[in-house]
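Please work through the model below with me, one question at a time. I would like each answer to show its reasoning before it ends on a value or a name.

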Amino acid sequence: MHLNKLNLLRSMLQIRRFEEKLEQLSRETEKIYGMMIVSTGQEAVASGVGAVLDPADVIISNHRSHGHLLAKGADPKLIMAEIFGKATGYNKGKSGTLHIAAPEVNVLCTTTVVGGGIPIAVGTAFASHYKQQKNVTVCFFGDGASDEGSFHEALNLASLWNLPVIFACENNVYSGAQRVEEHSKVKNFADRAIAYGMPGIVVDGNNVLEVYQSAMKAKERCLSGEGPTLIEYKTYRWGGHSTHDQQSYQPQEEIELWKKLCPIEQLKATLIKEGVLGQEQYQQMENEIKQAVEEAVKFADESPWPQPEDAMEDIYI
Amino acid sequence: MQNLTLGEAVKQALREEMLRDENVFVAGEGIGVGIHNNPKLPTHGLLEEFGPERVKDTPVSEAAIAGLAVGASVMGLRPVVEIMFNPFFTIASDQIINHAAKLRYLSGGKSKFPLVVRIKTGAGIGAGCQHSHNLEAWVAHCPGLKVVMPGTPADAKGLLKTAIRDDNPVIFIEDMILNFIPMPVPEEDYTIPLGPADIKKPGDDVTVVTWSKMLGTALNAAGKLEQQGISVEVVDLRTLAPLDEDTILKSVRKTGRLLVLHEATRTGGFGGEIAALVAEKAFNQLKAPVKRITAPDIPVPYSKPMEQFYIPNEDNVINGIKSILG
């Protein structure tokens, strides 16, 4: 697969601007109802991993999912409409921001039960293996999820059966309000792979090129039948757990430090230095993305609400 | 007609469905090479016939087993996974209750999860309360699941085949005592729809609604009462979800009396749902209060006299029926 660094930049920027809009709408308007959870600062993980995936590859996501969806090619309009609770959304308003499934792009499950998606990823990977298909599953979860029993059961089984799954642990330093030191004695969550006889790799999750390389290597390992890899992406969530989190537990200096490690600014600087990107070209990219976000908002805004009784549909076939 | 135990009938259904559809696979703890090398058990011999790619012995990991089924089914396979004992279901319950039951709804009807979770259940095996605990009310309470509890081997075969072919997640609960009682089972390939109850014995004076192993208890009690001139109609629900309200209501409207019989404990048990249904929709036809015969609200005790005390028996049913005949 040929790496297009400009596409990586575009992908990260799309996630950033999309989620900035979500935060703004959530805080300042009545358009978005309920919880809002964004991944600002962590975009390189979604974009870098997403760039190695083919349409047939599967993503199992979690409560911080917008980046994963966009990086897999989900339609921003349908995501926005779902978050608005409109009938035109990916899931007709039944999921909202927290559980969006986009089977059209093989994001087959977004679960907010922490660690709940990890055994499901074993199942989707098993199906690829069973049908001898050349595709992989990526399961995204946080550092906190690796404390769940489901993580351990799933990694053990995936490794035992050499299944084509990449366990992408986004260590964003906080599990709720707990710092990593407060919820585990393990310094690197990737070390937990040792217990299951699979490779565990620590990667700078704010360096999208390293994210991409690591995911490509793990994918090749999956496709050669050697089995799963656990990759710990060390990153940081600039915001709180959700937009209503006051972040009392997050030191301001720490946030400022990580903002200097912004994955978008890092790649942008590299591309300008390499002469691949000019300021004008960057501005054009910004404009296109902002316009697409505005179009998504307009689409969601103008879309019809579901009828109350539509709630009774889609339970059984 | 062949005589099979419920376990053997389940095995026949599994085998025939695996031959019919290569997307069907089975997985669970000890289902290939088990500690009990007993041909009466439901998965005995499948590994030898279908091989390790389709008969997956798993580690002792109930959450992973259930997650395997959820993930494999959304990709188009038809997993039939086994939870060895009903109490162990609690470890798999996140996958079943939060995921299998809800993910189709959360997808807005775009995805489907055609999986079957077979759960072995029932008291009377001397294994105590962490191996014996009927939890069907837990799953019947969750929209998105279908819940099947056969009371005969013949029903088990036809219902399991339908469950495997169904595009919804199905919880299929097998009472282990029925694995040791051979009964006639048709040899041909047949299915039984999920939903309709079956009137196992028609009668006029009182309706007994029951399911699973308690069907036998109900029929034995009904046979004895028949000799005393009391005509009992025995309605075997077979599936708790979907629930065949019409058959229950029609029978109660005819007899005017209802006794609900289940092995699960009383409080919050599914019998309460049947009683409420009849109270809402057939109250005026009732000639007597609704009666529930269930296990008492205690864990399943180990010692045989206490364990037998726990399981509702014929005498309990006979006395219960007489108490509402007035």
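The conversation that follows deals with the chain interface, the nonpolar cores, the domains and two local sites.

This is a predicted model, in which local features need pLDDT of at least 70 and side-chain atom pairs count only at pLDDT 80 or more, while totals for chains, interfaces and linings use all residues. Residues are numbered from 1 along each chain as its sequence is written, chains are lettered from A and ligands numbered from 1 in the order in which they are written, and side-chain values use heavy atoms, with hydrogens and water left out.

Student: What area do chain A and chain B bury between them?
Tutor: Contact here means heavy atoms within 4.5 Å, and by that rule 39 residues of chain A are in contact with 45 residues of chain B. Buried area is the accessible area (1.4 Å probe) that two parts lose on being put together, summed over both. Carbon and sulfur atoms give 65% of it, and the total for chain A and chain B is about 3400 Å².

Student: Which residues of chain A lose the most area to chain B?
Tutor: Three residues together make up 21% of what the chain A side buries. They are Tyr130(A), Tyr316(A) and Ile317(A).

Student: Which side chains meet in a salt bridge between chain A and chain B?
Tutor: A salt bridge requires a side-chain nitrogen of Lys or Arg within 4 Å of a carboxyl oxygen of Asp or Glu, and the count between the two chains is one. At 2.6 Å, N to O, the partners are Glu104(A) and Lys110(B).

Student: Which element gives the largest share of the side of chain A that touches chain B?
Tutor: Helices (H or I, at least four residues) and strands (E, at least two) are DSSP runs, numbered from the N terminus. Strand E2 (107-110), helix H5 (117-130) and helix H6 (149-160) of chain A each give two or more residues to that side. With 10 residues, the largest share comes from H5(A).

Student: Why does the largest nonpolar core lie between the two domains of chain B?
Tutor: A nonpolar core is a set of buried Ala, Val, Leu, Ile, Met, Phe, Trp, Tyr and Cys residues joined through side-chain atoms within 4.5 Å, where buried means under 20% relative accessible area, exposed over 50% and partly exposed in between (1.4 Å probe, protein chains only). Of the 86 residues in the largest core, those that touch the most other members include Phe126(A) and Leu237(B). The core lies between the domains, whose bounds come from an automatic or database domain assignment, because residues are given to it by both domain 1 (2-185) and domain 2 (198-325) of chain B.

Student: How many salt bridges does the rule find across the interface of domain 1 and domain 2 of chain B?
Tutor: The C-alpha centres of these domains lie 26 Å apart, and 26 residues of domain 1 are in contact with 23 residues of domain 2. The side chains of Asp155(B) and Lys200(B) meet in a salt bridge at 2.6 Å, N to O. Across the interface of the two domains, the number found is three.

Student: Is Thr217(B) buried or exposed?
Tutor: Thr217(B) lies in helix H8 (residues 214-227) of chain B. Leaving aside neighbours within four places in sequence, Thr217(B) is in contact with residues including Leu261(B), Pro312(B) and Val317(B). Because its relative accessibility is 13%, Thr217(B) counts as buried.

Student: How many residues of helix H2 of chain A are buried?
Tutor: This helix takes in residues 43-50 and is mostly covered. Among the buried residues are Glu43(A), Ser47(A) and Gly50(A). Of its eight residues, the number buried is eight.
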